[in-house]
Amino acid sequence: MTTGAQTPRYPARPRRSRLRTFLPLGIAAWLVLEVWLLSVVAGASSGLVVLLLLSAGFVLGSVVIKRAGRRAFRNLTETLQQPGATPTAARPDSEGNGLMMLGGLLLMIPGLISDAAGLLLLLPPVQKAARRTAERTVERKLREAGPGTLGDAFRQARMHRPDGKVVQGEVVRDEPGTAPREQYPPLNR
């Protein structure tokens, strides 16, 4: 039965980003390539050689991750033991352990292509280039961030009320010993 009411029209779906479109395809192609390459190596030698290669990659990756984690923890404790140091203060002479851990993780993932990428990330010149590229990308994305995005979230303070409304505001602290501020009437909506 039709009531004569019109069907609500919804706006067109927003376009998917290129990353969301091509990432699943890239992952599937990478997995197929890894399996194909492992089967080629197994055909050229034997299954035991492939098993030893995968086991060696896993062991080497776990050693690399453990070493990078220990170095990061040691750097953190040294930073915290310095007088007046904060844990967020970056040390200019500290090595980047994140890329080393990523290299170890890539070594632990079964496959020869991921092992090659992991070994490349263990080289200091490649780490420097990857770090510079990542820093530039993050800085560019934060500059391009408009109001209401994640980049803008660092500049805003929001309070969620029980009724679901969002009230923007800022935190004002009255320090002891300062003159009392002028009182403003509450804002009603």
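**Exercise 1. Determine which secondary structure elements the chain contains and in what order they occur.**

Solution. The chain of this predicted model holds six helices and two strands. Reading along the sequence then gives the order α-α-α-α-α-α-β-β.

**Exercise 2. Establish how confident the predictor is in the chain and in its elements.**

Solution. Step one concerns the whole chain: the mean pLDDT is 79, and 66% of the residues reach at least 70. Step two concerns the elements: helix H4 (residues 112-121) has the highest mean pLDDT, 93, whereas strand S1 (residues 157-160) has the lowest, 48. Step three is a matter of reading: where pLDDT is low, the predicted coordinates should not be interpreted in detail.

**Exercise 3. Compare the annotated transmembrane regions with the helix content of the model.**

Solution. First, consult the record: an unreviewed UniProt entry annotates residues 21-42, 48-65 and 99-123 as "transmembrane region". Next, examine residues 21-42, which are 100% helix and 0% strand. The end C-alpha atoms of residues 21-42 are 33 Å apart. Finally, examine residues 99-123, which are 80% helix and 0% strand. Here the end C-alpha atoms lie 10 Å apart.

**Exercise 4. Describe the surface of the chain and the nonpolar patch that includes Leu-19.**

Solution. Begin with the totals. The accessible surface is about 16,000 Å², and carbon and sulfur atoms account for 63% of that area. Of the 189 residues, 14% count as buried. Turn now to the patch: Leu-19, Leu-23, Ile-27 and Leu-31 form a nonpolar surface patch of about 380 Å². Leu-19 belongs to helix H1 (residues 18-44). Leu-19 is classed as exposed because its relative accessibility is 60%, and the cut-off for exposed is over 50%.

**Exercise 5. Classify Val-35, Asn-97 and Arg-131 as buried, partly exposed or exposed, and give the reason in each case.**

Solution. Recall the cut-offs: buried means under 20% relative accessible area, exposed means over 50%, and partly exposed lies in between.

- Val-35, a residue of helix H1, is exposed because its relative accessibility is 56%.
- Asn-97 sits in the loop between helix H2 (47-81) and helix H3 (98-108). Asn-97 is buried because its relative accessibility is 9%.
- Arg-131, within helix H5 (residues 124-144), is partly exposed because its relative accessibility is 29%.

**Exercise 6. Identify which residues Asn-97 and Arg-131 touch, not counting residues up to four places away in sequence.**

Solution. With that exclusion applied, Asn-97 touches Ala-68, Arg-71, Ala-72 and Asn-75. Under this exclusion, Arg-131 touches Gly-96 and Leu-99.

**Exercise 7. Set separation along the chain beside distance in space for the pairs Val-35 with Leu-112 and Arg-131 with Leu-99.**

Solution. For Val-35 and Leu-112, the separation along the chain is 77 residues, while their C-alpha atoms are 9.1 Å apart. For Arg-131 and Leu-99, the separation in sequence is 32 residues, and the C-alpha to C-alpha distance is 7.9 Å. A chain-wide value completes the solution: among contacts between residues at least 6 apart in sequence, 48% join residues at least 24 apart.

Technical notes:
Residues numbered from 1 in each chain as written. Predicted model: local features only at pLDDT ≥ 70, side-chain atom pairs only at ≥ 80, totals over all residues. Heavy atoms only, no water. UniProt positions renumbered as here; feature names shortened; annotations may be inferred. Helix = DSSP H or I, 4+ residues; strand = E, 2+ residues; numbered from the N terminus. Patch = residues over 30% accessible without salt bridge, like charges linked within 9 Å, V, L, I, M, F, W, Y side chains within 5 Å. Areas by Shrake-Rupley, 256 points an atom, 1.4 Å probe, with all protein chains shown as cover. Salt bridge = Lys/Arg side-chain N within 4 Å of Asp/Glu carboxyl O. Buried < 20%, exposed > 50% of the residue type's maximum accessible area, 1.4 Å probe, protein only. pLDDT = per-residue confidence, 0-100. Contact = heavy atoms within 4.5 Å.
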